[in-house]
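Take a look at the chain below. Start with the strand pairing, then work outwards to the helices and the rings.

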Amino acid sequence: MCDEIDFVDVFVGNSIEASMVKAMLDREEIDGFLQDEFVGTNFPHYASPGGAGGVKVAVPAKDAEQARKLIEAAR
């Protein structure tokens, strides 16, 4: 039996924005993690929101829809 979990990116932005989104999702008990965090920290000009080098927030696929709704509501 395979316990593999699929993850989906639900947000892309700079390191500060991504950290804030992750914290918001944590408060709602949605587990997630940051991808490409060090690129965003070391090269912030490269990690502009939505840019190729942006910091991504990934969550389990089963929580992606709820996470996107929370992110949109917070905008």
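## Strands, helices and one ring pair

In strand β3, Ala-58 is the bridge partner of Phe-33. This is a predicted model: local features need pLDDT of at least 70, side-chain atom pairs count only at pLDDT 80 or more, and totals for chains, interfaces and linings use all residues. Residues are numbered from 1 along each chain as its sequence is written, and side-chain values use heavy atoms, without hydrogens or water.

Ala-58 also stands opposite Asp-9. So which strands pair with β3, and over how many bridges? Strand β1 pairs with β3 in the antiparallel sense over six bridges. Strand β2 also runs antiparallel to β3 (residues 55-60), joined to it by three bridges. Strands count as paired when DSSP finds at least two bridges between them.

The resulting sheet is open, with its three strands in the order β1-β3-β2 and antiparallel pairing. Its edge strands are β1, residues 7-13, and β2, residues 33-35; each of them pairs on one side only. From one strand to the next, the twist averages 35°.

The protein chain holds three helices and three strands. Helices (H or I, at least four residues) and strands (E, at least two) are DSSP runs numbered from the N terminus. Along the sequence the pattern reads β-α-β-α-β-α.

Where do the helices sit against the sheet? Helix α1, residues 15-27, lies across β1, β2 and β3. Its direction is at about 20° to β3. Helix α3, residues 64-74, packs on the sheet and touches β1 and β3. The direction of α3 makes about 15° with that of β1. Angles run from 0 to 180 degrees between N-to-C directions, on axes fitted to C-alpha atoms (for helices, over the stretch in contact).

How covered is the middle of this arrangement? Strand β3 is mostly covered, with six of its six residues buried. Across the protein chain, buried residues account for 32% of the 75 residues. Contacts (heavy atoms within 4.5 Å) often span long stretches of sequence: of those between residues at least 6 apart, 70% join residues at least 24 apart.

Now the rings. How many aromatic pairs does a search of the whole structure find? It finds one. Phe-7 and Phe-33 have ring centres 5.1 Å apart and planes at 75°, so the pair is edge-to-face. Rings of Phe, Tyr and Trp (its six-membered ring) pair with centres within 6.5 Å; planes under 30 degrees apart are stacked, over 60 edge-to-face, the rest tilted. This pair links distant parts of the chain: Phe-7 belongs to strand β1 and Phe-33 to strand β2, 26 residues apart.

Are the two phenylalanines buried or exposed? Each falls in between, as the table shows. The cut-offs are under 20% relative accessible area for buried and over 50% for exposed, with partly exposed in between (1.4 Å probe, protein chains only).

| Residue | Relative accessible area | Class |
|---|---|---|
| Phe-7 | 42% | partly exposed |
| Phe-33 | 31% | partly exposed |

Phe-33 thus ties two features together: its bridge partner in β3 is Ala-58, and its ring pairs edge-to-face with that of Phe-7.
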